[in-house]
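Work through the exercises below with the sequence and the coordinates at hand, and compare each step of the solutions with what you find yourself.

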Amino acid sequence: PTIYFVTPTYPRREQIAELTRLGQTLMHVQNLFWIVADDSDICNKRLDKLLDNFGIPYILLSSPMPSIYRSQKTIPRGVSNRRAALAWIKYNNIKEGVLYFGDDDNTFDLRLFSEIRYTQRVSMFPVGLIGDYSISSPIVENGKVVAFFDSWPAKRKFPVDMAGFAVNLNYMAKFPNSTMPFKAGYEEDAFLKSIELKINEIEPKAKDCTEVYVWHTQTTKTKAPMIKISNDVLSGSKTNMHA
Ligand code: UGA
Ligand code: MN
């Protein structure tokens with residue numbers, strides 16, 4: 001099965017560095033299709049060129065966050081991007097393969113991909129460097145997920161991180177109304193509820209959730225100013241740059 005690896009990204013100083021590191025990880029993975037969704041209202045030609053050079057089958061989507069959400073106190077990061085990827089999968093009627101949400105700044109052990117590739121419905125596994133407990137993970141007893149270890153339960157049915165699960169596309173297609181709402185902090189829970197997941201159906205991976213194959217790493221942000229480049233330049237319709 002093909003792994004559809006969905007990466008939200010957004011224009012900022014670190015964008016090219018993050019995607020270079022991630023792309024060079026994904027180059028090692030067989031049978032992977034990379035859906036990169038950029039939080040931008042233009043198709044960035046330079047980004048497209050970067051992705052093309054990895055030699056990985058990919059699509060670059062322009063998926064700007066609606067401005068009403070951008071002014072919120074906690075903004076729903078990456079949601080517009082993931083929704084665009086889900087819409088693209090539906091539009092192309094893809095019902096075979098496995099979906100995984102891999103943010104552009106996370107760190108992936110190559111063993112993750114062999115773990116998730118044979119997901120029947122929804123598989124889950126630990127994510128390192130998350131929250132106050134440094135880890136977020138399902139708790140497994142006799143090969144079954146029975147509870148969750150997460151420092152921010154927030155009354156969620158599935159207190160898991162976006163990077164902590166994978167979904168079979170044939171299973172997902174049975175729920176045509178599946179969606180991810182613009183609700184910061186509750187995206188995973190709402191999405192998993194929208195595909196009517198039951199706790200006893202979850203497939204624990206990574207040696208019954210005792211191994212960590214993905215980390216929620218974050219790149220330090222500096223306050224150095226980002227030089228604003230006009231959209232015309234980024235989209236390739238002009239060759240001159242004006243500061
Ligand atoms: C955590 C979770 O790991 C994310 O899965 C979740 O989307 C996010 O919180 C959230 O709900 O806010 P975190 O590291 O705090 O992630 O957030 P970022 O890495 O800054 O953003 C998550 C993804 O959205 C990244 O792939 C990032 O490139 C993208 N993003 C971020 C945008 O597309 N637009 C933005 O304005 C900010
Ligand atoms: Mn992140």
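## Exercises on a predicted model

D105 is placed in the loop between β4 and β5 (107-108). The model used throughout is a predicted one.

**Exercise 1.** Determine which protein atoms act as donors of the manganese ion (ligand 2).

*Solution.* Donors are sought within 2.8 Å of the metal. The protein donors listed for the manganese ion (ligand 2) are D105 (OD) and D105 (OD), at 2.2 to 2.7 Å from the ion. Water is not among the atoms, so the site may look incomplete.

**Exercise 2.** Examine helix α4 (residues 79-91), comparing its reach with the expected span, and find what its buried residues pack against.

*Solution.* First, the 13 residues of α4 reach 18 Å from the first C-alpha to the last, which is close to the 18 Å expected at 1.5 Å a residue. Next, the buried residues of the helix are V79, S80, N81, R82, A85, L86, W88 and I89. These buried residues pack against the strands β1 (3-9), β2 (32-38), β3 (58-62) and β4 (98-101), and also against the helices α6 (169-172) and α7 (187-194). Finally, just after α4, N93 takes a positive phi of about 55°.

**Exercise 3.** Establish what surrounds E203, a residue that is buried yet has no salt bridge.

*Solution.* Begin with its location, which is strand β11 (residues 203-204). The nearest side chain of opposite charge, K205, is 4.5 Å from E203, whereas a salt bridge requires a distance within 4 Å. The side chain of E203 does, however, reach the backbone nitrogen of R121 at 2.7 Å. Leaving aside neighbours within four places in sequence, E203 is in contact with Y118, T119, Q120, R121, V122, S123 and M124.

Notes
Residues numbered from 1 in each chain as written. Chains lettered and ligands numbered in written order. Predicted model: local features only at pLDDT ≥ 70, side-chain atom pairs only at ≥ 80, totals over all residues. Heavy atoms only, no water. Helix = DSSP H or I, 4+ residues; strand = E, 2+ residues; numbered from the N terminus. Expected span 1.5 Å × (residues − 1). Buried < 20%, exposed > 50% of the residue type's maximum accessible area, 1.4 Å probe, protein only. Contact = heavy atoms within 4.5 Å. Lys, Arg positive; Asp, Glu negative; His and termini not counted. Polar contact = N/O pair within 3.5 Å; in protein donor to acceptor, adjacent residues only side chain to side chain. Donors = N, O, S within 2.8 Å, 3.2 Å for Na, K, Ca; no water.
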